[in-house]
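Please open the structure in your viewer and keep the sequence beside it. The tour below tells you what to select at each stop and what you will find there.

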Amino acid sequence: MFPPHVILHPTDLAESSRHAFQTAVDLARHHHARLVLLLVAHPPRLGELSYAEAATELQPEGLFRRLGLEMRQALPAPPDVPLEYLVRQGSPAPEVAAVARELGADLIVIATHGRTGLNRLLLGSTAEQILRQAPCAVLITKAPPADKVRG
């Protein structure tokens, strides 16, 4: 494998993304690479927020600040890996591709939810869309079954 210098890990903070995060951390540690976590957000719906929350959370700065904090809490930086957190707003695949270009990423490490059949047909595969649009190599991970996870 080529030695990546910049690894981009798009996340939705789901359990499968946590497994991909650990893979990205291990690769960054092994190759002394910079790791960038990216959360692509959609703005919250008005019905989900109180008036006071809407006044701040619908503003990009408030939304990005809250999501950045959630990311830092869910996926804390290991002490030995340079890690940055980014939050963008928009459609996931084009945003991931744009950020990868901006950063000069060598590798994208992303999780797949493993949907099949009708669910995949109806919902599409974000990982597949990212693979098609990415300007660099993409590693798609799938979380191991629960009985294979080490405790």
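The stops begin with the whole chain and then move to single helices and residues.

Before selecting anything, note that this is a predicted model, in which local features need pLDDT of at least 70 and side-chain atom pairs count only at pLDDT 80 or more, while totals for chains, interfaces and linings use all residues. Residues are numbered from 1 along each chain as its sequence is written, and side-chain values use heavy atoms, with hydrogens and water left out.

**Stop 1: the whole chain**

Select the protein chain and show it as a cartoon, where the secondary structure comes to six helices and five strands; helices (H or I, at least four residues) and strands (E, at least two) are DSSP runs, numbered from the N terminus. Following the sequence, you will meet them in the pattern β-α-β-α-α-β-α-β-α-α-β. Of the 151 residues of the chain, 40% count as buried, where buried means under 20% relative accessible area, exposed over 50%, and partly exposed in between (1.4 Å probe, protein chains only). Among the contacts (heavy atoms within 4.5 Å) with a separation of 6 or more, 75% are made by residues 24 or more positions apart.

**Stop 2: helix α1**

Now select residues 15–31, which form α1. This helix has 17 residues and reaches 25 Å from its first C-alpha to its last, close to the 24 Å expected at 1.5 Å a residue; the expected span is 1.5 Å times one less than the number of residues. Its buried residues, including Phe 21, Val 25 and Leu 27, pack against β1, β2, β3, β4 and β5 (137–141).

Which residues does Ser 17 touch, not counting those up to four places away in sequence? Ser 17 lies in α1 and is buried, with a relative accessible area of 4%, and the residues it touches are His 9, Thr 11, Asp 12 and Ala 111.

**Stop 3: two residues with positive phi**

Most residues other than glycine have a negative phi, and the next two selections depart from that. Leu 13, in the loop between β1 and α1, has a positive phi of about 65° although it is not a glycine. His 32, in the loop between α1 and β2, has a positive phi of about 55° and is not a glycine either. Is each one buried or exposed? Leu 13 counts as buried because its relative accessibility is 18%, whereas His 32, at 74%, counts as exposed.

**Stop 4: helix α4 and its neighbour α6**

Select residues 92–103, the twelve residues of α4, which reaches 16 Å from its first C-alpha to its last, close to the 16 Å expected at 1.5 Å a residue. Its buried residues are Ala 93, Glu 95, Val 96, Ala 97, Val 99 and Ala 100, and they pack against β1 (6–10), β2 (34–41), β3 (83–89), β4 (107–111) and α6 (126–133). Just after α4 comes Gly 104, whose phi is positive, near 70°.

Finally, add α6 to the selection: the axes of α4 and α6 come within 8 Å and cross at roughly 40°, with axes taken as lines fitted to C-alpha atoms over the stretch in contact, and angles running from 0 to 180 degrees between N-to-C directions. That angle makes α4 oblique to α6, because angles under 35 degrees count as roughly parallel, over 145 as roughly antiparallel, 65 to 115 as roughly perpendicular and the rest as oblique. The contact is made by Pro 92, Ala 93, Pro 94, Val 96, Ala 97 and Arg 101 of α4 and by Thr 126, Gln 129, Ile 130 and Gln 133 of α6.
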